[in-house]
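Trainee: Could you walk me through this model and show how each label is earned?
Mentor: Happily; let us start with the terms and then test the labels against them.

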Amino acid sequence: MSLFVPKFDESVIVRDAEAEVVGGAPVGVKLLADSSASGGALSTVRVTLGEGADGARPHLHHNSAEMFYLLDGAAELLSGDDIVTAERGDLVIVPPGRPHAFAAVPGACADILIVITPGVERFEYFRHLQRIRLGEATPESLLEVQDLYDNHFLRSDTWEGRRS
């Protein structure tokens, strides 16, 4: 086991009113702290999902764990081949290499704090998703940046069959 010691000298303070938001209804992402702000320790965003909205399709990270803390509402989270329903106050941590996805529970909204550690520069990834939503980039363009953002997409029959 190796020990990672992040390199930064000042506290990271992000004011809610100053945080960049990408997207909107039904999926909004508030960019809180990218890896460069925390010396590589973590990357964190806050994702708000409208009723039953999909947050992220099945994917995995080779080099980082991902933490999901439900600030409010309820979400379905894929972890491997299991689907967990998390509600306000619940915490789910997915280890590196484990397939995962998330969505608001049908009929419910979700407000989720997401932390990836060690951090990966991910703000541009979320801006890329916004460009796709706006038709400025193709969905296939995400395949070209999977390694850059350590965000590797995959198929999950468990996830695809959850609402059928």
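Mentor: Helices (H or I, at least four residues) and strands (E, at least two) are DSSP runs, numbered from the N terminus. This is a predicted model, where local features need pLDDT of at least 70, side-chain atom pairs count only at pLDDT 80 or more, and totals for chains, interfaces and linings use all residues. Residues are numbered from 1 along each chain as its sequence is written, and side-chain values use heavy atoms, with hydrogens and water left out.

Trainee: Where does Pro 26 lie?
Mentor: Pro 26 sits in the loop between S1 and S2. A cis peptide bond links Ala 25 to Pro 26, with omega about 5°.

Trainee: What makes S1 and S2 a pair?
Mentor: Two strands pair if DSSP finds at least two bridges between them. Five bridges join S1 (residues 20–24) to S2, and the strands run antiparallel, so the definition of a pair is met. Gly 23, for one, has Gly 28 in S2 as its bridge partner. With two residues between them, S1 and S2 form a hairpin.

Trainee: Why is Asp 150 called buried?
Mentor: Buried means under 20% relative accessible area, exposed over 50% and partly exposed in between (1.4 Å probe, protein chains only). Asp 150 has 6% relative accessibility, so it counts as buried. Asp 150 belongs to the loop between helix H2 (146–149) and strand S10 (152–153). Its phi is near 50°, a positive value in a residue other than glycine.

Trainee: What makes a set of residues a nonpolar core?
Mentor: The set must be of buried Ala, Val, Leu, Ile, Met, Phe, Trp, Tyr and Cys residues, joined through side-chain atoms within 4.5 Å. The largest such core here has 29 residues, and those with the most contacts inside it are Val 45, Val 47, Leu 49, Phe 102 and Ile 112. Elements that give two or more residues to this core include S2, S3, S9 and H1.

Trainee: Which residues is Val 45 in contact with, beyond its neighbours within four places in sequence?
Mentor: Contact means heavy atoms within 4.5 Å. The partners of Val 45 include Val 29, Leu 31, Ile 112, Ile 114, Phe 123 and Phe 126.

Trainee: And what of the other cis peptide bond, where is Pro 118 found?
Mentor: Pro 118 is in the loop between S9 and H1. The cis bond joins Thr 117 and Pro 118, with omega about -10°.
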